[in-house]
Each structure stands twice: as C-alpha cells, then as structure tokens.
Amino acid sequence: MPKYTTMAYNSAEEMIFGSAKYPVKYGRDFEVGGGFVYPELVPHPRPGSEETKKSLMREYERMVNDSLERAVTLGFPGIQIELEHVWQMTKNPDWGGDIAAQTRRQQEDYYRKYGLKSAIRATIADNRKPDQENIRDCKSLELALKTFETSAAGGADNLSMESVGGKEISDYCIVRQDIRGVLFGIGVLGSRDMEFMWKKIVEIANKYGVTPGGDTNCAQANVAMFMAGGMLDKSVPHTFAAVTRAIGAARTLTAYEMGAKGPTKDCAYEDPIIKAITGIPIATEGKTCACAHADLQGNLIAAVCDLWSNEAVEYHDMFGGTTPAVFTEILGYDVALMNTAIAMGKAHDLKAMLVNSDKYRDPHSFVVAPENAYLVGQALAANNTSYYNRAKAAAIKAGELILGDKKMLLSNFEREVLQKTLRDLQSFPDREQDFIDQCTALYRKAIPGFNPANYGL
Amino acid sequence: MVTATLDNVFVRYDLKKEAAEKKVAAGRDDLLQKVLTAVVDGEEENIAAVVNEALTVHDPLTVIREGLVKGMAEVSRLWDEGVYFLPQTIISSDTMLAGVDICEKKMGRPMDKKGTVVTHTAEGDIHDLGQKIVNALLRANGYEVIDLGKDVPVDDVVNAVKQYKPALVTGTALMTTTMTAFRKIANRLVHDGFEIPFIGGGGAVSLEYVTSFDLGIWGKDASQAPDMASDAVSGANWQKLREKYNG
C-alpha cells in the first residue's frame, strides 16, 4: 500500500509558507497553497452548550459570526473555519450536519455581501475504544461515518479526522519510555488503522464531491509532546517525544497515500515532514494556540504552513471582543505579515527568522524545522517498503539529527534517553512480520484488551 | 544593555536545572537491598528473582514493607527532586506491583490496602491516559483502585461509589464538553448522601469549573493523587481537601 518513495521538493529551501506543490481549491473562492496564507479559526463551545442541539447550534452561530465579522472588519481576504467536533456532534450525526449547514449559510452570506473568501473543515470525533471494542465494526465507527456524510451533505468542504488506532499501545508505552511499543502502536497499528479509516473517508468525500483533508497524530505524538511539556517538566523526555513525532509522520502519511488531499490538520506537528514528502498544503498552529496549550515551536512551525490556526479557543468574552473574534484578528495579522513578505520577495527571510527563533529551543522544534523535517522525510521515503520500516527509519534519522548537531544542547539525562532509544531502534528485527510477531506477543500480555484483529492482524 | 543574538533569543532553563545525582537509601540487609534497588531501577524482569530470594529468609510482609514499599518511597523522592521522569516512576511502579503479587501469593491473601479509590474517565471521553497514570501511582502507594475505564456513564460512577464506598472518587477529562459530567455525578452523590471528595482533572479541566459544585476538588496533576488519597483516608472531607489543594 505505501507509495511515497520520493520527495515532492528538491530541498528544504524550496519549501515556503503559502505555497504547496499541489494546492487545493474549495469553498467560496478559497485556494490553499496557491501562494497565499489564510487563517483557520477553530472555535470551541462553552461547557454546557452541548446539552441540546438547539443550544449548541446557537453557540456555533455566534462563534462563527463573531469570527467572520472580525475578518471583514479588519479587511482580511479570507478564512477557513474548522468545526472540530465535540463528542455530541459526532454521536448525533444530524447535529454535526446541521451545524455544517448553518456555518455554510453564514459564510455564503459574508461572501455574497462582502466577497469574504471562506471554507469549512469538519473534523469528526473518533470515539472508538481500541481496547474495549471491535474498532472495525462498532457503533462509534458507524456514527463517525454517518457524521462524515451528514457533514459533507450539510456543507463541509474538507473532511478531516483525528484517528486513534494504536492508542492503547502508545499510551501504555509513552509513559514507560518504551520505543518498541511506540513504534508498534503508532508506526504499525496506527498506519494500518489509517489505511482502514481513510479508505472509507475518501469514499465518502468523493461521493459528496468534497475534499478529503487530513489526519493528525494528535492522539499519540501530541500526547508525548504535551507530556514532555515545557523545559522544567519531568513527565516524558523531550528527546523521546521528538523521536515519537518522526514515527507519527510515518503514520500520518498514510492518509495521503489513501487519497486525502489536504490541507492537513493543524495539530499535526509532523506536517512539515508531510509537506516535504507529498507537496500537499498544510495547516499548522504555534504561538496562536496558546489558548489551548503551550508550545516550544511557536514561531518555527509557521515556516512552511499554508493555513495558520489556533488549535481551539473556547467561546468567552475578552476586552477586545469574543475569543473567536480576537483569535481571528491574531491569526489574520500573522498571515498578513507572511503574505506581505511573499509580496515583497522577503518570504525566505521571514521563514529564516521564524525557524531561528525556535530551532534549538527544544528537540521537538529541532526535528520539525524544515531542513530537518526534510531529512526525516527523505529517510522515510527511502525506506518505504513497509509501515514498520519507514517509521523506524524516520525515528532513527530524527534521533541521529538531534545527537549530531552540537547546537542542539541536551541535558545528560535527555542525551542518555536518546542514545538508549536509538540503540533499541537499531536492535529491532529487519522484517516487519518479525517485529509484529514480537510485539503482538509482548503487548497482548501487558495490555488487557489489546486485540490484534482490530488492525487486521 | 542586551543586544539580541541568535544565542539569547531564548534561555534553556532545563539545562540550568540538571538533576542531582541519584542516591538510593539503604535496605535492612543485602536481600532486601536487592529488592529495593530492583524497584528503584525498574527491573521488572529481575524482580521475581530477587523477591523470591528475599522470601527464603524474610516473611512476605517484611519483603513488601522493607523492600518493595521502601523502594517505591525512594522512587517518589527521586521524582519529587526532579531526578526521575514519569516513565521511570511508572516502570518502578510496575516492578513493585509485580513483586507485591508474588508476596501476596505466598501470604495467601492480598496485602492490606490503605483505602479504596474509584477512578474513571468522563462519558464521551476516550482520553484516559491521565487516569491510567493516577491508577498506577495510587496502586504503587498502597491503594485499592476500582478502575471504571473510559467513556463511563454518570450512573456507573454513582453506582460504583455506592458499591465500593471509596475514600475518594476521581474523574479525568480532556475536553470541556465532557467534563460537564462531573457536575452531574457530584449532584447525584450529594443527593444520595455520599459526600466524598471528588477529584476532577485532566486536559482543559479547570479549577474554576471543578470548584463550582459541591464535592469537587481540582487535581492539577496526576502526581497529587496519592497525597489526596492519603488525606481522604485520614478523614479529611471534601471541603478540607479543596482548601488544601485549591485554596
């Protein structure tokens, strides 16, 4: 099934914000990756508003309107709104569909009145529980697929997901610093589940004539990254999380091999690697997602983005207006600066500034810096003979890059963790089936509920 | 005057705070020392051998108290002092519990627990890693954990509290739109006369929200769980816990 064996770009220097090899057009005169960066605003409803369909629809109506109004007020040319489903929107497919339809009507109104370009991403919630049910045939899957359909029918232009295959293994192993299980849970099982899910998502998107967007390793690599946390946190070593990110890239690539077209999901911090390999436009989030979580690559992660996002901001009042309005403003001015740099022929200067701001702040920012993302992507593509081989190659390359750059300062502890992680990776079997056999035996025993049949094994 | 250079755009505070060298407390004798060290070093594959060796001389309770529990206490200290990261603590916890299993089999009964805690992840939420960490830390500290798992309906949590009569109940949620189940659980418990501390934490769960209803105490971090359980078992009510941890 794997098929990306070469890079979309000849070098990392070619990659730049606003331009992708394969731009995507949809929505209301909205093109992503065609030489212009747009904001993607992700509003999140207040707790309690999800109690009824009526109250949730009203919440979304207000949030979306506040965002579109601020975009016009400040002269922003266009915006994408992400409807990142709270559980209730996917559990009740008509809720997700009706909110997409309502958002479309609002965007059409602003397009008609002001010419504001716009589009909608619907990100359906993956509520499958891999350690408790058959994730290839369960109610949660049925509801998710139904909600993809209602969302597409309702007005979503881009269908996306944050799928969770392999999470029962990766959760167990991330907190035990077990790279074998991380490679198995994300690189092998996660990829196999992506293959299963994205075949279905692409079919639905094609049926409704909308764009299959992308996926993210939020449920796994972001778990490692968030647990690694800031400079003083002691939950997960940062070097371990950075290697996990490279494995996450191998898994996220599967969506695009199955036919997803992008723009990718904003919280996929592996996206610079994905763009280097595929040429698909990417959405990223950095300092602008401080409303949702702290970030050690706040500027750097914008360096090659095509959509610039805020992750999720809960609806509240601020002095400057409501949060969707305020974050639309922040995102809008950020992309105005990027677009100005493009217009003035200074895009690569701005890219260099964004990268140098954070490249050596943390091993994670180091790995997703465009030049390193490109090298990790190269290792991945060159070893694309199986999900296992490519994920392992990406992980080893990420680790070697961190260890090999003297400017990437590491504590003794972090260095030792990384050296051990690399030794472990290099000791694993050459053949994917041998690795699967080894891991299946090991984690069946350690993790109650792990069912290889969930992954076609 | 500070002039910007590429070297002072940020400060690596983590490197300034490089952890102190690990020093491990001494066990009562060589055999117990081996058990203690195996726990501290997280040698899960070796724990059976050293525990069985210790059991040739010591009774199971002594091996638990003087080897396994003492080792875990060392691990807690190393984590508190910033020497250990969470993975080392979790692996040591796995190791300790594997050793306890062996001792319990030898005793023919479970070791006495300090108390019972019911844990769950909110209905609609499948993000249960925080709960799993809480479970591991509570078990390693000698508590009986009734693990209800993830995506747990309100009724199931209330029924579990009635059935097990725990000292504490915990709820984990990543999303603000799933944490709303916490209030429903608390209201039901109050209505039915079960005024026990209810710790809510995880992801976007805030102090403001959890302390907006009776019983609620906000858990900032999973590492607080053993101390909170200890306070609850010692008789502290939810108001006292809220004052201590959220005051």
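Start by selecting A:E82 and A:R121: A:E82 stands opposite A:R121, which belongs to strand β6 of chain A. Before going further, note that this is a predicted model, where local features need pLDDT of at least 70, side-chain atom pairs count only at pLDDT 80 or more, and totals for chains, interfaces and linings use all residues. Residues are numbered from 1 along each chain as its sequence is written, while chains are lettered from A and ligands numbered from 1 in the order in which they are written.

**Stop 1: two paired strands**

Widen the selection to residues 78-84 and 117-124 of chain A, which are strands β5 and β6. Strands here are DSSP runs of E with at least two residues, helices are runs of H or I with at least four, and both are numbered from the N terminus. β5(A) and β6(A) pair in the parallel sense over seven bridges; two strands pair if DSSP finds at least two bridges between them. Another opposite pair to click on is A:G78 with A:K117 of β6(A).

Next, select residues 93-114 of chain A, helix α3, which packs on the sheet and touches β5 and β6 of chain A. Touching refers to contact, meaning that the C-beta atoms of two residues, placed from the backbone, lie within 7 Å. The direction of α3(A) makes about 170 degrees with that of β6(A). Axes are lines fitted to C-alpha atoms, for helices over the stretch in contact, and angles run from 0 to 180 degrees between N-to-C directions.

**Stop 2: around β5**

How many residues of β5(A) are buried? Seven of the seven are, so the strand is largely enclosed by the rest of the structure. Buried means 20 or more other C-beta atoms within 10 Å of the residue's own, exposed means 12 or fewer, and partly exposed lies in between, with C-beta atoms placed from the backbone. Colour A:G78, A:Q80, A:E82 and A:E84 to see the residues pointing one way from β5(A), then A:I79, A:I81 and A:L83 for those pointing the other way.

Now add residues 38-41 of chain A, strand β3, which runs parallel to β5(A) and is joined to that strand by two bridges. Look for A:L41, whose bridge partner in β5(A) is A:I81.

**Stop 3: the whole sheet**

Zoom out to an open sheet of seven strands in chain A, with parallel pairing and the order β8-β7-β6-β5-β3-β10-β9. At the edges are β8 (211-212) and β9 (283-285) of chain A, each of which pairs on one side only. Then show residues 139-154 of chain A: this is helix α4, lying across β6 and β7 (158-161) of chain A and running at about 165 degrees to β6(A).

**Stop 4: a glycine in a helix**

Select A:G181, found in helix α6 (residues 179-208) of chain A. Is A:G181 buried or exposed? A:G181 is buried, with 23 other C-beta atoms within 10 Å. Leaving aside neighbours within four places in sequence, A:G181 is in contact with A:I169, A:S170, A:Y172, A:C173 and A:Y443. For a distance check, draw a line to A:V355: the two are 174 residues apart in sequence and 31 Å apart in space, C-alpha to C-alpha.

**Stop 5: a helix pair**

Show α10 (residues 323-343) and α11 (residues 347-358) of chain A, whose axes come within 7 Å and cross at roughly 135 degrees. The two helices are therefore oblique to each other; angles under 35 degrees count as roughly parallel, over 145 as roughly antiparallel, 65 to 115 as roughly perpendicular and the rest as oblique. On the α10(A) side, pick A:M338, A:A341 and A:I342, which meet A:A347, A:D349 and A:L350 of α11(A).

**Stop 6: both chains**

Bring in chain B: the contact takes 29 residues from chain A and 31 residues from chain B. On the chain A side, α2 (87-91), α11 and α15 (412-427) each supply at least two residues.

Finally, view each chain alone. Chain A has 16 helices and 13 strands, and buried residues make up 64% of its 457 residues. Chain B comes to 11 helices and five strands, and 49% of its 247 residues count as buried. The C-alpha atoms of chain A fill a box of roughly 60 × 50 × 40 Å along the principal axes; for chain B the box is roughly 65 × 55 × 30 Å.
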